[in-house]
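Biologist: Before I plan anything at the bench, could we go through this model together, with each cut-off stated when it first comes up?

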Amino acid sequence: MKRFSRSLVGFLSAITGALVVVAVFHLTSWGKGAEPAIKVETTPVNRDARLGASFAPIVKKAAPSVVNIYSTHIVHERLMRNPLLNDPLFRQFFGDQFPNDDRERTRRERSLGSGVIISPDGYILTANHVVDGADKIKVSIGENKKVYAAKVIGTDQPTDVAILKIDAKDLPAIALADSDQLEVGDIVLAIGNPYGLRQTVTMGIVSALGRSGLPGFNQYQNFIQTDAAINPGNSGGALVDAEGRLVGINTAIIPNDNGGNQGIGFAVPVNLARHIMERLINGGKVTRGYLGILPQNIDAGLAKQFHLPDQNGALVGDVLTNTPAEKADIKPGDVIIAFNDKGISDANSLMLAVSECSPGSSATVKLLSNGRTKTITVTLAELPVKMLQSQNDRNNSDSGSSTADALDGVTVQDLNQGIRQQLKVPDDIRGALVTDVDRDSNSAESGLQRGDMIVEVNRQPVNNADDAVKLCRQAKGDQILLKFWRRTGDLAGTHYLSVDNTKQGK
């Protein structure tokens, strides 16, 4: 065992999985050959107009398109055997009058949600979690509360989008806006059925755009954040602009201690929802492009280490074998700054850009490689379904920052063959295995974990524990660049970590 004797400080950049997944989906015959008449209005709202005394005209325009969704699903519960029935003394007195076998009981669970009519012929946009696993779905429309049976056209769990269809005509369909034209500060209204209260309207503003990196939420995150009150039952409902047009589908909140609204709600932008909706209606499933890299966000330390002008872009931590990225000669340490002529701000924006491309399509990638800018063309593939959970785990493995000794309290050792097999470390990986991280240390706060393999220190290869300690002792300057290998489920590869090499006072 080797223990670092020199203090290192660092911040582990949020490692955001950018492998793109095949969506979870369901398909019925409703979607075949159906082309709903969806109204899309791309003109921005008039931001120079003075606020009126009432939002009633907006509500009258948009509210008829918002529906109640009632879903039920059957839950199977197994009743376990009472341990008393195995007691001979108990059975001597009471005999076999009590059943002594495991039994199963079923019960129905009901949930409420909201949805939005997006075409006159009965297509309804909602959140996937509103209808996920439902055996029966009913939709209530209008003041007369007419109820229709609904069928699922398709669902996409990674974006939390679902499409339903009811057998009806001449419905009050909402107009779809261009959510890319939203600005922070724009007025928005949330319309839905919180706690089963029909047609509830709340008002707020767009608090932020492009929210991502929220653990436990959708895999593909590009949320509109709003302070308009959103509560349980609002999910799947409409977020509309000052013209009464749909700009988002309400999907989640950060709740208070009682589970209710505290002014932080999130909606899926309608442009993203529309992209998913069109694929589900036309083909019944969503397939996404796959680049085959493990990218990460760039913090100030990494920007300095790689001589970058700013922190924009996605740093390539690793390139997986036999993938489009490898075939296009993308290398670890490259920084992707644009994809299909669209600027890339971080790893999440790269993931979203790739996800909007179809497998087999060509894409242009602009990147910085060893200080030089170049543009390459890559043919995208499709990610195997088995990697979905691995990517979700990686998306939720964010780390915090620290201003004190980040690797103090870290123990490393050489990697023997037994450990290599147990941890499924490839034969070509050499380094120092992290075997212990003091949970109260700053290294734990920075995100370094047991099982990580330190493979480089300041771009110098690490073959064993002695190398790791030696190179850290020899390191000069206030920053050290570490490269480490990590396995998360079926997904494994290398990542970068910039650490502060200054000794901090206690």
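## A threonine in a loop

Biologist: Leaving aside its neighbours within four places in sequence, which residues is Thr 323 in contact with?
Modeller: This is a predicted model, in which local features need pLDDT of at least 70 and side-chain atom pairs count only at pLDDT 80 or more, while totals for chains, interfaces and linings use all residues. Residues are numbered from 1 along each chain as its sequence is written, and side-chain values use heavy atoms, with hydrogens and water left out. Thr 323 sits in the loop between β16 (314–319) and α6 (324–327), helices (H or I, at least four residues) and strands (E, at least two) being DSSP runs numbered from the N terminus. Counting heavy atoms within 4.5 Å as contact, and setting aside neighbours within four places in sequence, Thr 323 touches Tyr 290, Leu 291 and Gly 292.

Biologist: Is Thr 323 buried or exposed?
Modeller: Buried means under 20% relative accessible area, exposed over 50%, and partly exposed in between, with a 1.4 Å probe and protein chains only. The relative accessible area of Thr 323 is 2%, so the residue counts as buried.

## The chain and its cores

Biologist: What share of the residues in the chain is buried?
Modeller: The chain contains 11 helices and 26 strands. Among contacts between residues at least 6 apart in sequence, 69% join residues at least 24 apart. Of the 506 residues in the chain, the buried share is 52%.

Biologist: Which element gives the largest share of the largest nonpolar core?
Modeller: A nonpolar core is a set of buried Ala, Val, Leu, Ile, Met, Phe, Trp, Tyr and Cys residues joined through side-chain atoms within 4.5 Å. The largest one has 31 residues, of which Ile 118, Leu 125, Ile 163, Ile 174, Val 240 and Leu 246 touch the most other members. The elements that contribute two or more residues to this core include β8 (161–166), β13 (246–253) and α4 (270–283). With 7 residues, the largest share comes from α4.

Biologist: How many residues are in the other core, which lies apart from this one?
Modeller: Ile 174, leaving aside its neighbours within four places in sequence, is in contact with residues including Ala 62, Ile 118, Val 240 and Leu 246. Apart from this core lies another, with Ala 325, Leu 350, Cys 357 and Leu 380 among its members, and its size is 21 residues.

## Charged pairs

Biologist: How far apart in sequence are the parts that Arg 245 and Glu 41 tie together?
Modeller: A salt bridge here is a side-chain nitrogen of Lys or Arg within 4 Å of a carboxyl oxygen of Asp or Glu, and the side chains of Arg 245 and Glu 41 meet in one at 3.7 Å, N to O. Because Arg 245 lies in the loop between β12 (238–240) and β13 and Glu 41 in the loop between β2 (9–11) and α1 (56–62), the pair ties together parts whose separation in sequence is 204 residues.

Biologist: Which residue forms a salt bridge with Arg 47?
Modeller: Arg 47 is partly exposed, with a relative accessible area of 36%, whereas its partner is buried at 9%. The closest N and O atoms of the pair are 2.8 Å apart, and the partner is Asp 186.

Biologist: Which residues do salt bridges that share partners join into one network?
Modeller: A search of the whole structure finds 9 salt bridges, one of them between Lys 331 and Asp 329 at 3.0 Å, N to O. Salt bridges that share partners make one network of Lys 39, Glu 41, Asp 241 and Arg 245.

## Strand β17

Biologist: In β18, which residue is the bridge partner of Ala 338?
Modeller: Strand β17 (residues 335–339) is mostly covered, 4 of its 5 residues being buried. Two strands pair if DSSP finds at least two bridges between them, and β17 is joined in the antiparallel sense by 4 bridges to β19 (residues 362–369) and by 2 bridges to β18 (residues 342–343). Ala 338 stands opposite Lys 366 in β19, while in β18 its bridge partner is Gly 343.

Biologist: Which residue takes a positive phi in the hairpin of β17 and β18?
Modeller: The hairpin has 2 residues between its strands. The residue with a positive phi, near 50°, is Asn 340.
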